[in-house]
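Trainee: I have a model open and would like to talk through its charged side chains. Could we take them a few at a time?

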Amino acid sequence: MRLTTRMMKNLNFNFDNTYANLPDLMSTKLAPIAVKKPELIIFNKELADELNLDFSNINVQELAEIFSGNKLPEGSVPLAQAYCGHQFGHFVMLGDGRAILLGEHLNKQGKRFDVQLKGSGQTPYSRNGDGRAALGPMLREYLISEAIHALNIPTTRSLAVVSTGEDVQRETNLKGAILTRIASSHLRVGTFQYVAAKQDLETLKKLVHYSVDRHYPELKDEPNLAISLFKAVMKKQIKLIVNWMRVSFIHGVMNTDNMTISGETIDYGPCAFMDQYDPKTVFSSIDHYGRYAFTNQPVIANWNLARFVETLLPLINPDQEQALKIAENLIGEFDDLYQDAFHEIMKKKLGFITDEDNDKMKINSLLKLMHKNQSDYTNTFRYLINKKTPQDKLLNDPDFIIWENEWQKRIERNQSKEEAIKLMMQNNPIFIPRNHLVEEALSDANDGNMEKFEKLLKVIKAPYHDHTDQFMYTNPAPTGDRVYKTFCGT
């Protein structure tokens with residue numbers, strides 16, 4: 001039974017709910033299911049300020065009521081979105097099985113943000129799930145999404161986490177929670193797959209126009225919106241993936257329902273950051289064959305984009321054979337575009353401002369040496385900047401000593417060594433959310449102690465700023481703790 005309560009006025013939300021106006025098959029309008037005893041665990045005031053949301057006159061308990069879905073902001077039109085997804089390669093009809101989109105908030109600059117409650121109860125898309133979320137995974141999403149944002153990578157963000165006063169049953173009983181997720185939209189490759197599976201051409205046309213209007217208005221006069229939209233999304237996704245690779249982030253569940261049209265990182269389930277460099281690193285407990293391993297992320301992005309362009313075939317060309325040829329040519333551009341983008345980001349990590357013929361060889365040689373020596377990914381690049389790092393056997397490898405001497409000569413051939421170092425400092429973080437520290441913080445938070453969580457959050461929100469008193473946050477996990485597994489939390 002749904003126990004949603006009245007709308008709350010004067011909360012500074014400025015809702016303009018365009019997604020709710022799309023054809024009915026795209027969503028189901030329904031409210032969150034009320035929870036017993038909501039309690040505000042953490043609130044992102046910095047993000048609230050960016051959204052121009054002022055809650056200074058709202059007490060903590062009322063905030064908990066709002067961010068649990070017990071009370072709805074005036075102007076919201078709550079709904080669950082429908083979509084599909086290739087999950088580990090298998091096509092599944094999905095949808096928001098445990099999330100409710102409250103609406104689209106416009107800030108003072110007219111920028112549009114989805115406001116979604118994650119863990120808000122069962123929907124028609126729950127597939128026998130309970131529709132709820134546990135506190136640990138919701139705090140993980142809060143922490144890692146803020147880290148990704150601070151690393152200058154597009155991402156959804158977290159406005160609040162509220163405990164529900166109810167347990168959720170997973171392998172054991174866990175504390176229930178709801179996260180308020182903010183996104184430029186929740187349009188996914190899976191959204192297009194859903195409409196394509198319904199074989200509704202008119203709705204597909206509307207979805208393409210809607211996506212262009214919302215994310216790529218500069219394309220509105222292009223002769224073929226489907227082709228232009230695909231190209232724009234592919235460029236955004238390539239930029240996103242190379243930035244994941246830049247900071248050693250492993251998403252862990254790159255299903256098509258987790259690839260956004262906006263190019264934002266979404267869904268922080270079994271995600272983690274790689275310490276020792278190994279391109280085959282996998283953390284997810286359910287990724288038994290390494291489909292979403294670190295090195296496979298660009299491969300899977302390409303695969304997901306192929307699924308995206310398939311949904312657009314009727315709009316690319318009415319002749320199916322011609323549409324397929326065009327689509328093959330479009331997706332065939334991915335490899336070169338990605339390799340160029342990856343090369344550019346690695347040049348920045350190594351301070352290469354100009355171009356030299358041997359740059360790719362230097363980049364690949366370093367990565368091979370790092371792999372051979374099980375070197376810490378983040379600390380290796382920071383060592384090149386300031387020669388400060390925990391002891392690493394890489395530094396005593398004769399081949400690395402030769403490589404480093406050649407790298408020094410390469411840097412000195414730049415127009416400015418100072419500019420090279422500045423470029424490196426902008427692209428090589430000092431701090432990432434180290435997995436063992438994340439687990440310690442979440443364990444304490446589950447027991448009601450947020451001190452470690454808040455300290456870690458403060459550090460990872462300034463990942464490029466060197467603080468000598470925070471050196472412990474740069475240490476990789478102790479050797480005995482390096483076998484690390486992450487879980488989806490569903």
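Trainee: Happy to start with R246: which side chain of opposite charge is nearest to R246, and how many Å away is it?

Mentor: Keep in mind that this is a predicted model. R246 sits in helix 6 (residues 225-247). It is buried yet has no salt bridge. A salt bridge needs the nitrogen within 4 Å of a carboxyl oxygen, and the nearest side chain of opposite charge is E344, 12 Å away.

Trainee: Then what does the side chain of R246 reach at 2.7 Å?

Mentor: Look at its polar neighbours instead. The side chain of R246 makes a polar contact with the side chain of N243, at 2.8 Å. At 2.7 Å, the side chain of R246 reaches the backbone oxygen of L151.

Trainee: How many salt bridges does the model count in total?

Mentor: Side chains of opposite charge can pair when their charged atoms come close. Applying the 4 Å cut-off, the count comes to 31 salt bridges.

Trainee: Which residue forms a salt bridge with D49?

Mentor: Start from the helix: D49 shares helix 1 (residues 45-50) with a partner four residues apart, about one turn of the helix. D49 is partly exposed, at 42% relative accessible area, and the partner counts as exposed at 54%. The closest N and O atoms are 3.1 Å apart, and the partner is K45.

Trainee: R214 and E104 meet in a salt bridge as well; how many residues apart in sequence are the parts they tie together?

Mentor: Their N to O distance is 3.7 Å. R214 lies in helix 5 (residues 201-215) and E104 in strand 8 (residues 99-106), so the pair ties together parts that are apart in sequence by 110 residues.

Trainee: Are R214 and E104 buried or exposed?

Mentor: The cut-off to apply is under 20% relative accessible area for buried and over 50% for exposed. By that rule, both R214 and E104 are buried.

Trainee: Which residue pairs with E141 in a salt bridge?

Mentor: The closest N and O atoms of that pair are 3.4 Å apart. The pair links distant parts of the chain, from helix 3 (residues 135-150) to strand 12 (residues 173-183), 40 residues apart. Both partners are buried, and the one that pairs with E141 is R181.

Trainee: Which residues gather in a patch of negative charge on the surface?

Mentor: Take D336 as a way in: it is found in helix 10 (residues 334-349). D336 is exposed, with a relative accessible area of 57%. The residues in the patch are E333, D335, D336 and D340.

How values were computed: Residues are numbered from 1 along each chain as its sequence is written. This is a predicted model: local features need pLDDT of at least 70, side-chain atom pairs count only at pLDDT 80 or more; totals for chains, interfaces and linings use all residues. Side-chain values use heavy atoms; hydrogens and water are left out. Patches are made of residues with over 30% relative accessible area and no salt bridge: like charges are joined within 9 Å, nonpolar side chains (Val, Leu, Ile, Met, Phe, Trp, Tyr) within 5 Å. Accessible areas come from the Shrake-Rupley method with a 1.4 Å probe; for residues, only the protein chains shown count as cover. Lys and Arg count as positive and Asp and Glu as negative; His and the chain ends are not counted. The place of a charge is taken as NZ of Lys, CZ of Arg, CG of Asp or CD of Glu. Helices (H or I, at least four residues) and strands (E, at least two) are DSSP runs, numbered from the N terminus. Buried means under 20% relative accessible area, exposed over 50%, partly exposed in between (1.4 Å probe, protein chains only). A polar contact is a pair of N or O atoms within 3.5 Å; within protein, one must be able to donate a hydrogen and the other to accept it, and residues adjacent in sequence count only if both atoms are side-chain atoms.
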